[in-house]
Amino acid sequence: MLITAGPTHEPIDAVRYIANRSSGRLGIALADEAAARGWSVTLLLGPTSLTPKDSRVEVVRFRTTADLEGMLQGRFGGCDVLVMAAAVADYRPKAGAAGAGVAGKISRKEGGLTLELESTPDLLGACGASRRAGQVLVGFALEPAARLLASAAAKLKRKGVDLIVANPLETMDAPEVDATVIGAGGVVAKTDGKMTKERFAGWLLDVIDGFARTRGSAGGGQ
């Protein structure tokens, strides 16, 4: 099982960066639970102070979207299940624009600073397009509750993945999860109210394992 977790840091200069509030806690909990169940687990982990408790989890650190892209290209083909829990930036400072990516620090000047942003690569979509038979791909959607399920269903189709875990915005950097898992046929499972991310990790792995068994995937450690 290959799991991604945590935020990305997209550099503006050598000091500043664009980031988000993802703690990586859910992905780390998934890695610990999967290892406890007998999976061989690699966790691609972004810049967070949290780490897995289970020493059997192989941890590989990334900082930027480009870092994670390279790691996925090297490891995705060898996994049975990919759980893309990382909060990957949608945009990053465009190289060469407004000093973005300079080796030093951009000096403060009167009049402000305008940053030009560019879209980051669609990492999950790239995995969906290059998947081999039998792989299970799980993505996440973080949206306002009003459009959560519709956005998750659209993302599932657009990315070419098997399952999307739909979470309301309040999930980010929170200790609890209240989620719905969407598949090609609609809602696959829904949590019975809020649960801790550690408890949710076991719940979600049960859902993934059930889906993989139904599909006849070769993955799994139990």
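**Notebook: charged pairs, one ring pair, two cores**

Started with Arg147, which is partly exposed at 46% relative accessibility. This is a predicted model, so I'm reading everything below as computed from it. Looked for a partner and found Glu143: the two side chains meet in a salt bridge, 3.0 Å from N to O. That fits the general idea that side chains of opposite charge can pair when their charged atoms come close.

How many salt bridges are there by this rule? I get a count of 13.

Next I went to Arg37. Its side chain meets that of Glu33 in a salt bridge at 2.9 Å, N to O. Asp206 also forms a salt bridge with Arg37, at 2.7 Å, N to O. This second pair ties together distant parts of the chain: Asp206 sits in helix α5 (residues 197-215), while Arg37 is in the loop between α1 (25-36) and β4 (42-45), and 169 residues separate them. I noted the trio as a network, since Glu33, Arg37 and Asp206 are linked by salt bridges.

Which of the three are buried or exposed? Arg37 counts as buried, because its relative accessibility is 17% and the cut-off for buried is under 20%. Glu33 is partly exposed at 26%, and Asp206 is partly exposed too, at 47%.

Stayed with helix α5 for the rings. The count comes to one aromatic pair. The pair is Phe200 with Trp203, and they are stacked: 5.4 Å centre to centre, with 25° between the planes. Why is there about one helical turn between Phe200 and Trp203? Because they are three residues apart in helix α5. I checked burial for Phe200 as well: it is buried, with a relative accessible area of 0%.

Then the nonpolar cores. The largest has 35 residues, and Leu30 and Val83 have the most contacts inside it. Elements giving two or more residues to this core are β1 (2-5), α1, β4, β6 (81-84), β9 (136-143), β10 (163-168) and α5. I pulled up Leu30 to see what surrounds it. Leaving out residues up to four places away in sequence, Leu30 touches Ile3, Val83, Phe140, Ala201, Leu204 and Leu205.

There is another core apart from that one, with 24 residues. Among its members I wrote down Leu72, Leu137, Ala141 and Ile164.

Last note to self: α5 keeps turning up in these entries. Helix α5 holds Asp206 of the long-range salt bridge, carries the Phe200 and Trp203 pair, and gives two or more residues to the largest nonpolar core.

Terms used
Residues are numbered from 1 along each chain as its sequence is written. This is a predicted model: local features need pLDDT of at least 70, side-chain atom pairs count only at pLDDT 80 or more; totals for chains, interfaces and linings use all residues. Side-chain values use heavy atoms; hydrogens and water are left out. A salt bridge is a side-chain nitrogen of Lys or Arg within 4 Å of a carboxyl oxygen of Asp or Glu. Buried means under 20% relative accessible area, exposed over 50%, partly exposed in between (1.4 Å probe, protein chains only). Helices (H or I, at least four residues) and strands (E, at least two) are DSSP runs, numbered from the N terminus. Rings of Phe, Tyr and Trp (its six-membered ring) pair if their centres lie within 6.5 Å; planes under 30 degrees apart count as stacked, over 60 as edge-to-face and the rest as tilted. A nonpolar core is a set of buried Ala, Val, Leu, Ile, Met, Phe, Trp, Tyr and Cys residues joined through side-chain atoms within 4.5 Å. Contact means heavy atoms within 4.5 Å.
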